Number of protein chains: 4
Amino acid sequence: MINLSHELAANVITPRNRDSFKGTYGHVLIVGGNANLGGAVIMNAQAAVQSGAGLVTVATDLTNKTAIHARLPEVMVVDYQSDLTQTIKKADVVLVGSGLGEEIGVLNQVLAHIQPKQTLIIDGSALTMMAEQNLSLPNAKVVLTPHQMEWQRFGEVTIADQAREDANWEALINFKTEPILVLKSSATQVYLKDDMYQLTVGGPYQATGGMGDTLAGMVAGFAAQFQPLGPAVLAAVYCHSAIAEDLSKAAYVTLPSTIAAAIPAYMQRLAQESISKDPVDTKQEE
Amino acid sequence: MINLSHELAANVITPRNRDSFKGTYGHVLIVGGNANLGGAVIMNAQAAVQSGAGLVTVATDLTNKTAIHARLPEVMVVDYQSDLTQTIKKADVVLVGSGLGEEIGVLNQVLAHIQPKQTLIIDGSALTMMAEQNLSLPNAKVVLTPHQMEWQRFGEVTIADQAREDANWEALINFKTEPILVLKSSATQVYLKDDMYQLTVGGPYQATGGMGDTLAGMVAGFAAQFQPLGPAVLAAVYCHSAIAEDLSKAAYVTLPSTIAAAIPAYMQRLAQESISKDPVDTKQEE
Amino acid sequence: MINLSHELAANVITPRNRDSFKGTYGHVLIVGGNANLGGAVIMNAQAAVQSGAGLVTVATDLTNKTAIHARLPEVMVVDYQSDLTQTIKKADVVLVGSGLGEEIGVLNQVLAHIQPKQTLIIDGSALTMMAEQNLSLPNAKVVLTPHQMEWQRFGEVTIADQAREDANWEALINFKTEPILVLKSSATQVYLKDDMYQLTVGGPYQATGGMGDTLAGMVAGFAAQFQPLGPAVLAAVYCHSAIAEDLSKAAYVTLPSTIAAAIPAYMQRLAQESISKDPVDTKQEE
Amino acid sequence: MINLSHELAANVITPRNRDSFKGTYGHVLIVGGNANLGGAVIMNAQAAVQSGAGLVTVATDLTNKTAIHARLPEVMVVDYQSDLTQTIKKADVVLVGSGLGEEIGVLNQVLAHIQPKQTLIIDGSALTMMAEQNLSLPNAKVVLTPHQMEWQRFGEVTIADQAREDANWEALINFKTEPILVLKSSATQVYLKDDMYQLTVGGPYQATGGMGDTLAGMVAGFAAQFQPLGPAVLAAVYCHSAIAEDLSKAAYVTLPSTIAAAIPAYMQRLAQESISKDPVDTKQEE
């Protein structure tokens, strides 16, 4: 077990290369938000945009378009019933499942068209549907972001057994494509390659609806701009709760949209630490 | 008569247990907002979310969906014409009536499906319709939040008589299920068990449309996360006006949405007081 | 000529009476916003709400509903094609014309149903339509808020002649109902009873679209809560530009929505001045 | 090559004339935003409004109306399918192309109705469509705002060749109407008359979707209020990145909407510098 530390995140979030452009930071496609649950993709998208993804597109039920643009003009919106396949092709990172409800047709399209070089983050109701329909993980760089109940369904590890690290490893070995597991709970863990990383920041002020949607959006935004994938996921998980912990000094509950708004300032603090600690690297980047 | 004091609220709003999750803090269902009065449920929902309810769903006229999500992505939205019955089942607390207008069919569904273990807050036009239709209180943990005119209609106590505490008690005794009464006026009172609690904070800067919708949302949010119900209601009523009083130092009128935005910071101040006063409790919670 | 002074506004904006409620501060009905110009009524309504009107209803093209509620949940929205007549009855102050375009049918309904005891503020395209159709002022307490081109059309005073105070008085005498004239320009004037009040605050940072819509909304909000009407109008005109002048220290252009957001703090500063200057009055109000 | 300097921008952004009105600062028409890409015109419009344009109208797919008004009540919205021709006539500056997708019919209407005295800013997909359809620049004061790929398509200069100043000049000479070229990259350049201006502020925190839409909106807003056109474009390009550089001290990524919100304060700082440096000018303006 390794503690998910500040240093680990600071090593990922380094100053950007001067000669970069938005293409450098990847294109995130968010697939979710049925007619009732459009708020979930708004929270995904806000987190991805504020994290610094180069481009963010949301494929959703079209009745969600206006609310998305009213909050996030930076985001493109397409109808997940008609325009999904061609949109998947353009993405570097696909996040599927937040607020998707029972839209199995949409999920199946994502699973059918995702490519091996793409990162696929599977969240929320996508995990529930995959468990119910016995769907396999596709051939892609997969990140799973279940809460405990979803992991019980999809990973077939009871919530009681999830307390044992080896039980979770056993479930993960069954998947051929070596997914990264972000197992969300009041003590979130990340299972990556051969190591389990334990989150030690954050707290119960995060126990509110939509918190996971913001985390999934941050994972997508970090995966789009930082390579390799593993440390990017760890940094996203750390930053999400570290920001909440900061905010909790003045907030009984730290709302998802408040956390998302605080991402750029927090990331810049980490990036500046990496400058002051490591002047050689900085010169290389300039 | 007991003054609704700061200490009383601070005893309710204690630090959260570290091992909690969003389910710990309850699911609030808000039922209201006809085609013209959607703003009322936005104010309900913002207050419930900012208060720290675990989950918040709004059942409303569907034309209100986009405005709700544009302000509050944390909230789920369902059509109160088609999806109400199944949604009531999942709720811990139901708030009905803000901006409901004359949608008697919607109200009847709530009254028919509410369960004894659930908390039901009855506000605004729901009280007027119940008076007009002579509807009985259902078997549930009921909180009534009328202003003076609504209490005259529903409780059948004239506004003049409402100045006499015993007149209000007499009306309450007629209800079999012992509802809690929050009687809103420029000197709001709460009738709970055998005691009347007098609000002594707040002021005329709160005399603006929507103030009651925010209060009802706070009552719902507090009822969802703090037990037992009585002190939770008292704390919500106190905090609502105490926040307004704070804001009024720099505002001639304190708008409902401004009060709601200030809830998390105010609650955290109260929670921190309870830590500094009572270190033993804090340890138990960790 | 009298300078529109700080003292004049401070005498109007006094601390609220403790035993007041939202009905004390009046019901403003805003009628305007055709299918393209919905932003105008949003700015009207934000200004009226932030000014402290007790209740604000917007009667508009229904396609504007969602944008209004997304910004202002405190406001009620009705369809000006179907629900206008019954809504006018409930209002204390009616503001008609901002963004109304050529909706002459809507204007005619307002003119036909307004009552003598109600205040009617006539703005923007309502003035142009009344000039084109030779419509008379109705029997009500009327405030006209034209810019120079609108006053040329409706008052039949050329822009050149508007520089002469007596030319404007001559035009006003032709109206039987003694309207108050707010003649907007880079040096706005108010014609009230026998005096002309000259605005001396404000500046060219206000020269941007929507500025007049915010002013009209403030006039409505002040008229709803402060009596008599004349000083209320003067105070609204003064505060609108005084706020802009304050903001201009840090803004090259002072946008209408930014001015509106600053109203409650500015009014509270004026109200506190009136306390410190006049302790006797304060006691009376408590 | 001339460095795009702070002084150059400060000379453009001088204090406004006291006797001005909104007509003095021009009418910007933004044409763009298809059914999926409405966010682009929101960012255009926010930048134009915050820059101080007198009036801003957006001609767009009507499904974008509500999101635009929910963010920007100051803006008028028309349907670009039905109301474009008559709207072009009223504009001083037309910005076409942000988020326009493949709406060639809309683009053709703009090219057909633009007048020689009007400024036309051609952005994004308009440039791509003009390249694909071999469309000529119309007779107007044209500003082109391509990124490198768009300039390769429209100017027929390969991205590699764009590094050579003379290659860009050769392409520009082919256009009869002497357009101003804003060639966006990590080191943006402006080609104006006989000089190339090199941007030296800004950085990779700007590498995010929508950055160009905000720049195009600022160019439009500056062109509407500052004459002549050339220095206005230079000032807009400078301010856009200078604001981003300021914000980047506390933000890893500087979002387009955050930059737009900071425009009025930044412009006012420049205007105040021009006062302190040049008291003679200031007196003339008063």
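Which feature does UniProt place at residues 5-270 of chain A? I looked it up: the record, an unreviewed entry, gives "domain: YjeF C-terminal". UniProt positions here follow the numbering used in this entry, feature names are shortened, and annotations may be inferred rather than shown by experiment.

Ground rules before going on. This is a predicted model, where local features need pLDDT of at least 70, side-chain atom pairs count only at pLDDT 80 or more, and totals for chains, interfaces and linings use all residues. Residues are numbered from 1 along each chain as its sequence is written, chains are lettered from A and ligands numbered from 1 in the order in which they are written, and side-chain values use heavy atoms, with hydrogens and water left out.

**Domain make-up.** I checked residues 5-270 of chain A and got 45% helix and 16% strand. The end C-alpha atoms of that stretch are 12 Å apart. Helices (H or I, at least four residues) and strands (E, at least two) are DSSP runs, numbered from the N terminus.

**Cysteines.** I searched for disulfides (a pair of cysteine sulfur atoms within 2.5 Å) and found 0 over all chains. I also looked at Cys239 in two chains. A:Cys239 comes out buried at 1% relative accessibility, and B:Cys239 is buried at 0%. Buried is under 20% relative accessible area, exposed is over 50%, and partly exposed is in between (1.4 Å probe, protein chains only).

**Salt bridges.** The whole structure gives 19 over all chains. A pair counts when a side-chain nitrogen of Lys or Arg is within 4 Å of a carboxyl oxygen of Asp or Glu.

In chain A, I noted a network of salt bridges linking A:Asp161, A:Arg164 and A:Asp166.

In chain B, B:Arg164 pairs with B:Asp166, with 2.9 Å between the closest N and O atoms. B:Asp166 is partly exposed at 39%, and B:Arg164 is partly exposed at 40%. I also found B:Lys249 bridged to B:Asp246, at 3.6 Å between the closest N and O atoms. B:Asp246 is partly exposed at 30%, while B:Lys249 is exposed at 58%.

Buried or exposed: what about C:Lys184? It is buried, at 14% relative accessible area. C:Lys184 makes a salt bridge with C:Asp123, the closest N and O atoms being 3.4 Å apart. C:Lys184 sits in the loop between strand E8 (180-183) and strand E9 (189-192) of chain C, and C:Asp123 is in strand E6 (residues 119-123), so the pair ties together parts 61 residues apart in sequence. C:Asp123 is buried too, at 2%.
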